[in-house]
Amino acid sequence: MKKNLVFLGPPGSGKGTQAVKLAQKLNIAHLSTGDILRNAVKEGTRLGKEAERYMKNGELVPDHLLIDLIESKVASSELNDGFILDGFPRTVPQAKNLKEMFDKNGVSLEAAILFQVADNEVVKRLSGRWFCPKCQATYNYPTNVPRREGVCDHDGAELQRRPDDEESVVRNRLEVYKKQTQPIEDFYREESVLTEIKAEGSPEEVFQALLREIG
Ligand code: AMP
């Protein structure tokens, strides 16, 4: 089974949800750069302060900030038992840097999984996306609604939306994805590690497809 993985896909493709599920099942590390950055923003760290202005407009945070962050993880033992990089790389320079880091540390990338979802489905999904700030559970209208309107099933906390899930920002995130992130697909195709998964089914269907792909 392949355990050194990169997850690619437009915003709203469900790669974060799949990453959480797979990391739990295989007991491997899950590194979401989006989550790391949102935490940094919440804590008001230097990284967070720099990243916030890009994130709120749906733009990418400058490469060097992300590369430094990932480099420290690759060099540590944190990824030794396998990993999912969720949201990194997002530009060709990030992908090239990652390859160098892997080569230097004797790590091999076994698959880059691309979650395919049409644009209109992305907009629909993200405009219905809510999450619990306490336990991070996610909900979606109308496919996965909480039992009580606006309240988390697990801990009763009031549900929130991500500020960058607002429709105009979502449209920009999609444009940014096409311009800056999609070229990575060719990079990984040439490296012979790209695997495409149709990600418009239910989370469970997509998960089964994912398990088949990684063997
Ligand atoms: P995500 O949760 O993966 O959708 O990421 C949320 C936001 O964090 C993105 O819209 C970017 O502003 C920023 N971000 C996350 N990962 C990266 C990355 N690898 N490179 C640049 N910006 C990133």
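In the predicted model, the shell around the ligand draws most on helix H2, which spans residues 33-43 and supplies four residues to that shell. In total, 15 residues surround the ligand, and the closest of them are Thr33, Arg38, Glu59, Gly87 and Gln94. By residue class, the shell is made up of six nonpolar, four polar and five charged residues.

Several polar atoms of the protein lie at short listed distances from the ligand, and both backbone and side-chain atoms are represented. For glutamate 59, a backbone N or O atom is placed 2.6 Å from an oxygen atom of the ligand. Valine 61 likewise contributes through its backbone, one polar atom of which is 3.1 Å from a nitrogen atom of the ligand. In arginine 90, by contrast, a polar atom of the side chain is found 3.0 Å from a ligand oxygen atom. The ligand taken alone would expose 490 Å², and of this area 96% is buried by the protein.

Strand S1, formed by residues 4-8, is mostly covered, with five of its five residues classed as buried. This cover extends to both faces of the strand, since Asn4, Val6 and Leu8 are buried on one side and Leu5 and Phe7 are buried on the other. S1 pairs in the parallel sense with strand S3, which comprises residues 83-86, and four bridges link the two strands. Within this pairing, asparagine 4 of the chain is set opposite phenylalanine 83 in S3. A parallel pairing, again over four bridges, is also found between S1 and strand S4, which runs over residues 111-116. Here valine 6 has alanine 112 of S4 as its bridge partner.

Valine 176 is situated in helix H7, which covers residues 167-181. With a relative accessible area of 6%, valine 176 counts as buried because this value is under the 20% cut-off. When residues up to four places away in sequence are set aside, valine 176 touches Gly58, Glu59, Leu60 and Thr181; glutamate 59 is also listed among the closest residues to the ligand. The C-alpha atom of valine 176 is separated by 9.5 Å from that of proline 10, although the two residues are 166 residues apart along the chain.

Aspartate 165 belongs to the loop between strand S6 (138-140) and H7. This charged residue is buried, its relative accessible area being 0%. Again leaving out residues up to four places away in sequence, aspartate 165 is in contact with Leu126, Ser127, Arg129, Val170 and Arg173. One of these residues, Leu126, is among the buried residues of helix H6 (residues 119-127), together with Glu121, Val122, Val123 and Arg125. The buried residues of H6 pack against strand S5 (129-131), as well as against S6 and H7.

Two cis peptide bonds that precede proline are described here, each placed in a loop. The bond from phenylalanine 88 to proline 89 is cis, with omega near 0°, and proline 89 is located in the loop between S3 and helix H5 (92-105). The peptide bond that joins tyrosine 141 and proline 142 is likewise cis, with an omega of about 5°. Proline 142 falls in the loop between S6 and H7, the loop in which aspartate 165 is also found.

Positive phi values at residues other than glycine were assigned to asparagine 27 and to serine 192. Asparagine 27, with phi of about 60°, is found in the loop between helix H1 (15-26) and strand S2 (29-32). At a relative accessibility of 66%, asparagine 27 is exposed, because the value is over 50%. Serine 192 also has phi of about 60°, and its place is in the loop between helix H8 (183-190) and strand S7 (194-198). Its relative accessible area is 64%, and serine 192 therefore counts as exposed by the cut-off of over 50%.

Methods:
Residues numbered from 1 in each chain as written. Predicted model: local features only at pLDDT ≥ 70, side-chain atom pairs only at ≥ 80, totals over all residues. Heavy atoms only, no water. Near = heavy atom within 4 Å. Polar contact = N/O pair within 3.5 Å; in protein donor to acceptor, adjacent residues only side chain to side chain. Areas by Shrake-Rupley, 256 points an atom, 1.4 Å probe, with all protein chains shown as cover. Buried < 20%, exposed > 50% of the residue type's maximum accessible area, 1.4 Å probe, protein only. Pairing = 2+ DSSP bridges. Contact = heavy atoms within 4.5 Å.
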